[in-house]
Amino acid sequence: MERLRHDDPPRLGPYLTLARLDADSTDGGALPERRYLARTADGERTVLLCAPLSDAAAPAAWAMEAELASRLSVPRFLRPASQGSEAGLPWYAVPYTPVLPLPAALAAHGGPLPEDLVRRLGAALAAGLAAAHARGQAHAGVSPAAVLLGAAGPLLGCFGAVRSAAPGGRPGLDPGCLAPELRSGGRPEPLGDVFALGAVLAYAASGHTVPEQSELPPGLRRLLASCLARDPADRPSAPQVLHALSTTGPARTPAPAPAPAPAPAAAPAATVLDEQAPPPLPGRVVAALAAQSAELLASELPAAPPARPAPQKVH
C-alpha cells in the first residue's frame, strides 16, 4: 500500500479511496493505469479500484475496454465487477483480495523470482492468453505492472492499454513489452501479447524486461528468445508457450527413494495446468501480502466528500 497523493481522487462512485496499490515509480516501468484500494462509506465492501492515467489513455476508449473486459470470461484475466464515471473520470472495481503487482513482488522477494515459479506463473498467464486468443481477442496490455500476484495465482489486469492509448501518446506500458509492430503503429494482435509475455517472464527471472541472455536461467533462454523475436512469424503461439513451460523445467537433483510403506491411493500430483494448485509464493512475498491485508483492515475511512448532485434538466 502507498499513500494517496494530492492529485488522487478522494472518491470514485460509491468508493472512498484509501491507498494506492502501486508505488510512484517501479522497476517494472510505467504504470498503465491508476489503481487504488478503496471501500464503501459504510465499510461493507472493499475493492481494487482502477482508473485511467490522465496523460496515457483516452477516457472513452479506456471505459470501452473495461466494458469489454467485464463481458469476457477468461481464466486469469482481471474481470471488472462494476464500473462508472465520476466527474468525467471512468473507473471500474473488482472485489479486493490481497495482491501485489509483479514489481512489488520482486521488491518484497529481494530480487528475481526462482525459475520454477517463473515457469508456473508463465504457464498460468499463457493459459489465459491462449483462451482469449482462441476467441480472436488480444489482451493488448501485458506488462510487469499488469501482473497481480496473490495466493490464488496470478491475475492479468490493464486490459486493452494499447488500444485505449490517447492519440499520439504512449499506452503507459514498459517499452520493453511493446512488440516492434506495435511501436511502429500496428494493431494489437495475439503474437504481440506473446512478445509482451516473454518480456514479463524475462523481468520476473532477471529484473529487466530487456535483459542480457546471461541474466536469464539457461532453461528459459531459448523460449524467451523466441517469444521476443522481432518478426511475429518467428514467435510461438500462446498454446505453444504453455506447452513448453508445462512440459520442461529446471534440472533438479533426484531425491533419495523413500523406503516402501503401505499407503492409501494418493490423488494425482498437481501440475502447472491445475487451476486448483496455484504456484506457491516465496515467504517474503506471502508476508508482504499479509502485511497489505492487515494494513488495509486497520485503515480508517476518511470523511466522505459530498456526493455530486445529479445534473438538472433545463426546460
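Trainee: What do the buried residues of α1 pack against?

Mentor: The buried residues of α1 pack against β3 (33-40), β4 (46-52), β5 (82-86) and β6 (89-95). Contact means heavy atoms within 4.5 Å. This is a predicted model: local features need pLDDT of at least 70, side-chain atom pairs count only at pLDDT 80 or more, and totals for chains, interfaces and linings use all residues. Residues are numbered from 1 along each chain as its sequence is written, and side-chain values use heavy atoms, leaving out hydrogens and water.

Trainee: Which residues of α1 are called buried?

Mentor: Trp62, Glu65, Ala66, Ala69 and Ser70. Buried means under 20% relative accessible area, exposed over 50%, partly exposed in between (1.4 Å probe, protein chains only).

Trainee: How do you know which side of α1 they are on?

Mentor: They cover an arc of only 140° around the axis, so they sit on the same side of α1. The arc is that of the directions from the helix axis to the C-beta atoms. On the other side, Ala60, Met64 and Arg71 are exposed.

Trainee: What makes the span of helix α1 agree with its 13 residues?

Mentor: The expected span is 1.5 Å times one less than the number of residues. For residues 59-71 that gives 18 Å, and the end C-alpha atoms are 19 Å apart, which agrees. Helices (H or I, at least four residues) and strands (E, at least two) are DSSP runs, numbered from the N terminus.

Trainee: What makes β1 (11-12) and β5 edge strands?

Mentor: Each pairs on one side only. Two strands pair if DSSP finds at least two bridges between them. The open sheet runs β1-β2-β3-β4-β6-β5, with antiparallel pairing.
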